[in-house]
Amino acid sequence: MTKTARRLRACLALVAVAAAALTGCSTTDDSSATTPDGLTKVRLQLQWFKQGQFAGYLAAVDQGFYKAQGLSVEILDGGTDIVPQTVLAQGQADYAIAWVPKALAAREAGAGITEVAQIFQRSGTKQVSFKADNIAGPAALRGKSVGNWGYGNEFELFAGMTKAGIDPAKDVTLVQQQFDMNAFLAKDIAAAQAMSYNEYAQLLETKNPATGKLYTADDFSTIDWNAEGVAMLQDAIWANSEKLKDPEYQDQTVRFIAASLQGWAFCRDNVDTCRDITVAAGSTLGATHQQWQINEVNKLIWPSPAGIGVVDRTAWDRTVKIAKETKNQDGATVLKQDPDADAFTNDYVTKALEILKSGGTDVTGAAFTPIQVTLTEGGK
């Protein structure tokens, strides 16, 4: 798919969201809302294909956590042409996983969606370079070729450069990066965008042609946007704002969140089992890559001092500020104004956490320690 085609699809998706919001139309079919054994049918839209990034939800299905809450959950794959917040707003899913800035942009355009649980407490986005290029921080990007995915994924990078006194439109050579590390490995990009749980692992699963052995972390430098103070909130659970007026949907939302969070607590404590669950769910990525993903995602979630899923107001405000003030190379920002007070709520996650705590689930992960993962070539 070309860059123009992808942008066109994204624009059409936003138009569809606005139309759905204004007309109240929905493609939801409530005629068979329960299974023969009385479970409520629920559809969860992912923002990408099934992989370790979503292991907690897959585990909640596999381990029966959703069923214990009276739910039968169907997990819908995402993809390059699927915008989860649009799917949710149009009534084609009951909940969706989406990055906060992107979802807020859709909400500003008219999508009736509300964040009900913040799963990732930290950002997984990095800017990666070869150590020999001496790019130790954002200021060192000046004069370099800098890769970014665009489509709303670039604003931490742009905020970091702006904070370091770099004009993204003039002081660097911006490169439209594909969702892989091929151009970086070919030295066409000096500093490339990578998620800690995915693209960065792809580098460590690749042989260094100079040594014939796999690259190691010592071969690279990384810029962590958490450390630079410009991290934005990423994976969160979003619900349908209009349906949240319905007491039955409110109750369902609490139960859905509780089971989802239980799935993530399970994956914190059972990485290898969740690796196998993810592979069995149909992921095309290999077992060691999935193990790496789950371990790295755990680092983004745990510890959660206030309880997994609680929206931290400071992190929210920072995300909104960056979304309003940081411009990309075209001079555009994610948001034009502050989101309204109903853009997120901790009401449902708070009730969900009480359910889990009463059942003995550790919801903070204060003693969390990541495991050591040994990657193999190709992540097999």
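**Close-up views of a predicted model**

**View 1. A disulfide links Cys267 to Cys274.** In this predicted model, the two sulfur atoms of Cys267 and Cys274 sit 2.2 Å from each other. Searching the whole structure turns up one disulfide, so this view has the full set, given that a pair of cysteine sulfurs must lie within 2.5 Å to count. The S-S bond has a torsion of about -90 degrees, so the bridge between Cys267 and Cys274 is left-handed. Are its two ends buried or exposed? Cys267 is buried, with a relative accessible area of 0%, and Cys274 is buried too, at 1%.

**View 2. Helix α2 packs against helix α9.** Here we look at α2, which covers residues 55-62, and α9, which covers residues 247-269. Their axes are 7 Å apart and meet at an angle of about 105 degrees. That angle makes α2 roughly perpendicular to α9, because anything from 65 to 115 degrees falls in that class. Which residues make the contact? From α2 come Ala55, Gly56, Tyr57, Ala59 and Ala60. From α9 come Ala259, Ser260, Gly263, Trp264, Phe266 and Cys267. Sorted by type, the contact between α2 and α9 has eight nonpolar residues, three polar ones and no charged ones. You've already met one of these residues: Cys267 of α9 is also an end of the disulfide in the previous view.

**View 3. A cis peptide bond leads into Pro303.** Most peptide bonds are trans. The one from Trp302 to Pro303, though, is cis, and its omega is near -5 degrees. To find Pro303, look in the loop that runs between α11 (287-301) and α12 (313-325).

**View 4. Tyr151 has a positive phi.** Most residues other than glycine have a negative phi. Tyr151 isn't a glycine, yet its phi is about 55 degrees. Where does Tyr151 sit? Its place is the loop between β6 (145-148) and α6 (155-163). With a relative accessibility of 29%, Tyr151 is partly exposed, since that class lies between the 20% and 50% cut-offs.

**View 5. Lys187 also has a positive phi.** Lys187 is another residue that isn't a glycine, and its phi is about 70 degrees. The loop to look at here lies between α7 (182-185) and β8 (191-195). Is Lys187 buried or exposed? Lys187 has a relative accessible area of 57%, so it counts as exposed, because the cut-off for that class is over 50%.

Note on methods
Residues numbered from 1 in each chain as written. Predicted model: local features only at pLDDT ≥ 70, side-chain atom pairs only at ≥ 80, totals over all residues. Heavy atoms only, no water. Axes fitted to C-alpha atoms, helices over the stretch in contact; angles between N-to-C directions. Helix = DSSP H or I, 4+ residues; strand = E, 2+ residues; numbered from the N terminus. Parallel < 35°, antiparallel > 145°, perpendicular 65-115°, else oblique. Contact = heavy atoms within 4.5 Å. Nonpolar A, V, L, I, M, F, W, Y, C, P; charged D, E, K, R; others polar. Buried < 20%, exposed > 50% of the residue type's maximum accessible area, 1.4 Å probe, protein only.
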